[in-house]
Amino acid sequence: MSLKREDCWKSHGGWQGIYTHDSDATGTPMRFSLFLPPVPEGTRVPILWYLSGLTCTHANVTEKGEYRAACAKAGIAFIAPDTSPRGDEVPDDDAYDFGSGAGFYVDATEQPFAENYRMWSYVTEELPALVADKFPIDAKRQSITGHSMGGHGALIAGLRHPGRYRSVSALAPIANPMAVPWGKKALSGYLGDDRDAWRAYDACALIEDGARRSEMLVDVGTDDNFLHEQLKPEALEAACGGAGIELHLRRRPGYDHSYYFISTFLGEHVRWHAERLTGD
């Protein structure tokens, strides 16, 4: 598979790169960022996946996330894919919360989105295979996190692939998309009106249907203006409680939905994942 390095910078002893490749999953060129920590040559390192939120690209967390110091110290690679396919020929919508920048980490089945909007396959199958083939990554040691729409993506990926991701966390995730405006719009637009089809892309529904993990970490800000209408951490708390999943839900006083919030706590998430990525 083709891979092109667009740019690369030395940072915290490691290397921060930006890469593009042609995706079979989306039928478009795709871009991602990857930080490789400073380790001896020949060493394969664990990887932390970061899924971004609505309107974002790989660049938001790469430029504002403040994760590299923690990743360098722990010896963990950090990868941030884009949030949707892009291009003049890719179907879009005028709204910010659907179409370009808002792939919602699903494989669309509705036209005209079904051909390109296959972000679930892209982030859980195609891109992991490419990264494992092209970089010194230990594919047996993976974890996943994300913010907002990306937090939703991280939760469902961890619940649907419990053997792949050693740990799962999220920052201000859309925890119950079937029950909120953002999620209803995206799931109906990409998957149609059959709500049973939506359940594979809703963390709370997956838990109700039997998906299990031993634990998950979630941070939310108490001053997040999307907290009650769009995020609903209390629904995830209830679902985990009923299923015996240990949910470390931390409500952070005064924090909002922005990258000021993310950059404050992303390093803590890196360290939390590092504890679970060590060992065989």
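S1 and strand S2 (residues 14-22) pair up antiparallel, with seven bridges between them. That pairing belongs to a predicted model, and it sits at one end of an open, mixed sheet of nine strands ordered S1-S2-S3-S5-S4-S6-S7-S8-S9. The briefing below goes through the sheet, strand S8, the helices, the core, the cysteines and a couple of single residues.

**The sheet**

- Strand S1 (4-11) and S9 are the edge strands; each has a single partner strand, so one side of each has no neighbour in the sheet.
- From one strand to the next, the twist averages 20 degrees.
- Within the S1-S2 pairing, Cys 8 has Gly 17 in S2 as its bridge partner.

**Strand S8, covered along its length**

- How many residues of S8 (residues 215-221) are buried? Seven of its seven are, so the strand is mostly covered, taking buried to mean under 20% relative accessible area.
- In a regular strand, side chains alternate between the two faces of the sheet.
- In S8, Glu 215, Leu 217, Asp 219 and Gly 221 point one way, Met 216, Val 218 and Val 220 point the other way, and all are buried.
- On one side, S8 runs parallel to strand S7 (residues 165-171), joined by three bridges; Leu 171 stands opposite Asp 219 there.
- S8 also runs parallel to strand S9 (residues 246-252), this time with seven bridges, and Met 216 stands opposite Leu 247 in S9.

**Helices on the sheet**

- Helix H9 (residues 233-243) packs on the sheet and touches S8 and S9, with its direction at about 155 degrees to that of S9.
- Helix H10 (residues 259-277) lies across six strands: S4 (45-51), S5 (77-81), S6 (137-146), S7, S8 and S9.
- The direction of H10 makes about 165 degrees with S7.

**Helix H5 and its buried face**

- Which residues of helix H5 (residues 181-191) are buried? They are Trp 182, Gly 183, Ala 186, Leu 187, Tyr 190 and Leu 191.
- Looking down the axis of H5, those buried residues fall within an arc of 105 degrees, so they line one face of the helix.
- The general pattern behind this is that an α-helix has 3.6 residues a turn, so residues three or four places apart point the same way.
- Helix H6 (195-198) and helix H8 (227-231) are among the elements covering the buried residues of H5.
- Right after H5 comes Gly 192, with a positive phi near 90 degrees.

**The nonpolar core**

- The largest nonpolar core holds 93 residues, and Phe 32, Tyr 190, Met 216 and Leu 236 have the most contacts inside it.
- H10 gives the most to this core, with eight residues.
- Tyr 190, one of the buried residues of H5, touches a run of residues beyond its neighbours within four places in sequence, including Phe 98, Ala 102, Phe 104, Val 106, Phe 113 and Tyr 117.
- Met 216, for its part, is one of the buried residues of S8.

**Cysteines**

- How many disulfides turn up in a search of the whole structure? Zero.
- The sulfur of Cys 8 has its closest cysteine sulfur in Cys 71, 15 Å away, which is too far for a bond.
- Cys 8 counts as partly exposed because its relative accessibility is 21%.
- Cys 240 is in no disulfide either, with the nearest cysteine sulfur, that of Cys 204, 7.4 Å away.
- Cys 240 counts as buried, since its relative accessibility is 1%.

**Two single residues**

- Ser 214 lies in the loop between helix H7 (203-208) and S8.
- Is Ser 214 buried or exposed? With a relative accessible area of 61%, Ser 214 is exposed.
- Setting aside residues up to four places away in sequence, Ser 214 touches Ile 245 and Glu 246.
- Ser 214 and Glu 229 are 15 residues apart in sequence, and their C-alpha atoms are 28 Å apart in space.
- Asn 60 is found in helix H1 (residues 58-64) and counts as buried, at 19% relative accessibility.
- Not counting residues up to four places away in sequence, Asn 60 touches Gly 65 and Tyr 259.

Key. Residues are numbered from 1 along each chain as its sequence is written. This is a predicted model: local features need pLDDT of at least 70, side-chain atom pairs count only at pLDDT 80 or more; totals for chains, interfaces and linings use all residues. Side-chain values use heavy atoms; hydrogens and water are left out. Buried means under 20% relative accessible area, exposed over 50%, partly exposed in between (1.4 Å probe, protein chains only). Helices (H or I, at least four residues) and strands (E, at least two) are DSSP runs, numbered from the N terminus. Two strands pair if DSSP finds at least two bridges between them. Axes are lines fitted to C-alpha atoms, for helices over the stretch in contact, and angles run from 0 to 180 degrees between N-to-C directions. Contact means heavy atoms within 4.5 Å. A disulfide is a pair of cysteine sulfur atoms within 2.5 Å. The arc is that of the directions from the helix axis to the C-beta atoms. A nonpolar core is a set of buried Ala, Val, Leu, Ile, Met, Phe, Trp, Tyr and Cys residues joined through side-chain atoms within 4.5 Å.
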